[in-house]
Amino acid sequence: MARPKVSIVGAGAVGATAAHWLAERGVADVHLVDIIEGLPQGKALDLQEAAPLRGYDARVTGANNYDGVAGSAVVVVTAGIPRKPGMTRLDLLKVNTGIVGGVVAEVSKRARDAILVMVTNPLDMMTYLAMRKSGFPKTRVTGMAGVLDSARFRTFIALELNVSVKDVDAMVLGGHGDSMVPLPRYSTVSGVPITELLPQERIEALVKRTREGGAEIVNLLKQGSAFYAPGLSIVEMVQGFLLEERRLLPCCCWLEGEYGLNGVFAGVPAILSRGGVEKVVELKLTDSERAMLTKSAEEVRTGQADVDKILAG
Ligand code: APR
């Protein structure tokens with residue numbers, strides 16, 4: 001059977017890292033697209049030349065146009081610019097709406113059956129934009145945030161308890177931002193909720209660090225933002241789709257009544273299959289958890305309205 005093709009638009013730090021892990025795992029052939037001349041071709045060739053050393057047969061290609069996107073099973077979008085000093089949230093939204101809107105228009109013309117995995121920030125709004133621009137069904141438009149946010153939470157739990165990350169699971173709901181909702185009751189070490197293992201104030205500190213996880217890395221790096229964990233988080237989702245692993249992962253999904261939310265994207269646990277987001281799984285939430293999720297989703301709804309305004313000109 002031919003390997004499926006995954007296209008990644010945006011061959012920067014996150015896109016190239018995702019390409020690296022995808023090729024290395026042999027999950028798919030990878031096609032990189034970027035506007036910078038030579039960049040996707042150069043990174044693709046470099047990854048191809050690493051293949052004999054690691055023993056993978058995946059083909060890795062790159063281009064500055066969209067022809068090679070045709071036939072992709074999954075298209076990952078990381079294209080965009082980061083927030084620069086002096087830029088407001090709305091400034092960034094405007095610029096990335098222009099970039100990502102253009103990318104999705106090109107992609108959706110050529111890969112009509114693809115699953116779109118959005119990564120560019122602001123994530124939830126870019127996922128909404130992708131659904132509007134592509135006209136794809138909600139099952140095939142999703143965003144990567146929850147896998148990353150829960151990986152960060154898992155890391156901090158494992159470090160705090162000095163236990164193997166292998167035994168730690170965590171669930172994070174909501175938008176990808178300050179209002180995300182890490183759920184300690186549903187975060188466990190070998191099945192034991194962390195609420196049984198840690199005092200409340202330590203849990204609160206880990207939740208805060210998770211919420212601020214992206215900023216912590218930006219502050220350290222000074223230039224650019226995280227890419228190792230984001231790159232691998234993309235691969236977890238892509239692999240879940242392509243290998244029909246039926247993973248239950250927190251993803252940015254379009255809600256139509258789930259969690260009492262309608263017509264908004266938010267991070268929720270979902271079962272991933274070859275067709276895309278097969279099912280959003282509804283967890284029982286306490287009143288305060290539900291209130292936090294609703295608040296987070298309402299912030300996304302405001303962002304979606306901003307995207308609508310930008311598109312309307
Ligand atoms: N078409 C294709 N590629 C584009 C376009 C475009 N119109 N505009 C920008 N790009 C490319 C840039 O040339 C760059 O190579 O997108 C790439 C972005 O890569 P980086 O600047 O390295 O950013 P990265 O760290 O990879 O983050 C990408 O992911 O996690 C999010 O917040 C992050 O929104 C950001 C995105």
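**View A. The shell around the ligand in the predicted model**. The ligand is surrounded by 18 residues. The closest are Ala-13, Val-14, Asp-34, Thr-78 and Asn-121. By class, the shell holds eleven nonpolar residues, six polar residues and one charged residue.

**View B. Polar contacts to oxygen atoms of the ligand**. Three residues are picked out here, each with a distance to a ligand oxygen atom. Ala-13 takes part through its backbone: an N or O atom there lies 2.9 Å from an oxygen atom of the ligand. Asp-34 uses its side chain, where an N or O atom is 2.6 Å from a ligand oxygen atom. Asn-121 also offers a polar side-chain atom, at 2.8 Å from an oxygen atom of the ligand. On its own, the ligand has 730 Å² of accessible area, and the protein covers 80% of that. Two elements each give two or more residues to the shell: helix 1 (13–25) and helix 3 (89–110).

**View C. The cis peptide bond at Pro-122**. The bond from Asn-121 to Pro-122 is cis, and its omega is near 0 degrees. Most peptide bonds are trans. Pro-122 sits in the loop that runs between strand 5 (115–118) and helix 4 (123–134). Asn-121, on the other side of this bond, is among the closest residues to the ligand.

**View D. Domain 1 against domain 2**. The domain assignment splits the protein into domain 1 (5–143) and domain 2 (146–312). Their C-alpha centres are 21 Å apart. On the domain 1 side, 38 residues make contact; on the domain 2 side, 36 residues do. About 3200 Å² is buried between the two domains. Carbon and sulfur atoms give 74% of that area.

**View E. Arg-59 and its surroundings**. Arg-59 belongs to the loop between helix 2 (39–54) and strand 3 (60–63). Leaving aside residues up to four places away in sequence, Arg-59 touches Arg-3, Asp-29, Val-30 and Gln-48. A polar atom of the Arg-59 side chain lies 3.1 Å from the backbone oxygen of Asp-57. For scale, the C-alpha atom of Arg-59 is 34 Å from that of Ala-266. Those two residues are 207 residues apart along the chain.

**View F. The backbone at Ser-190**. Ser-190 is not a glycine, yet its phi is positive, at about 45 degrees. Most residues other than glycine have a negative phi. Ser-190 lies in the loop between strand 10 (188–189) and strand 11 (192–193).

How values were computed:
Residues are numbered from 1 along each chain as its sequence is written. This is a predicted model: local features need pLDDT of at least 70, side-chain atom pairs count only at pLDDT 80 or more; totals for chains, interfaces and linings use all residues. Side-chain values use heavy atoms; hydrogens and water are left out. A residue is near a molecule or strand if one of its heavy atoms lies within 4 Å of it. A polar contact is a pair of N or O atoms within 3.5 Å; within protein, one must be able to donate a hydrogen and the other to accept it, and residues adjacent in sequence count only if both atoms are side-chain atoms. Accessible areas come from the Shrake-Rupley method with a 1.4 Å probe; for residues, only the protein chains shown count as cover. Helices (H or I, at least four residues) and strands (E, at least two) are DSSP runs, numbered from the N terminus. Ala, Val, Leu, Ile, Met, Phe, Trp, Tyr, Cys and Pro count as nonpolar, Asp, Glu, Lys and Arg as charged, and the others, Gly among them, as polar. Domain bounds come from an automatic or database domain assignment. Contact means heavy atoms within 4.5 Å. Buried area is the accessible area (1.4 Å probe) that two parts lose on being put together, summed over both.
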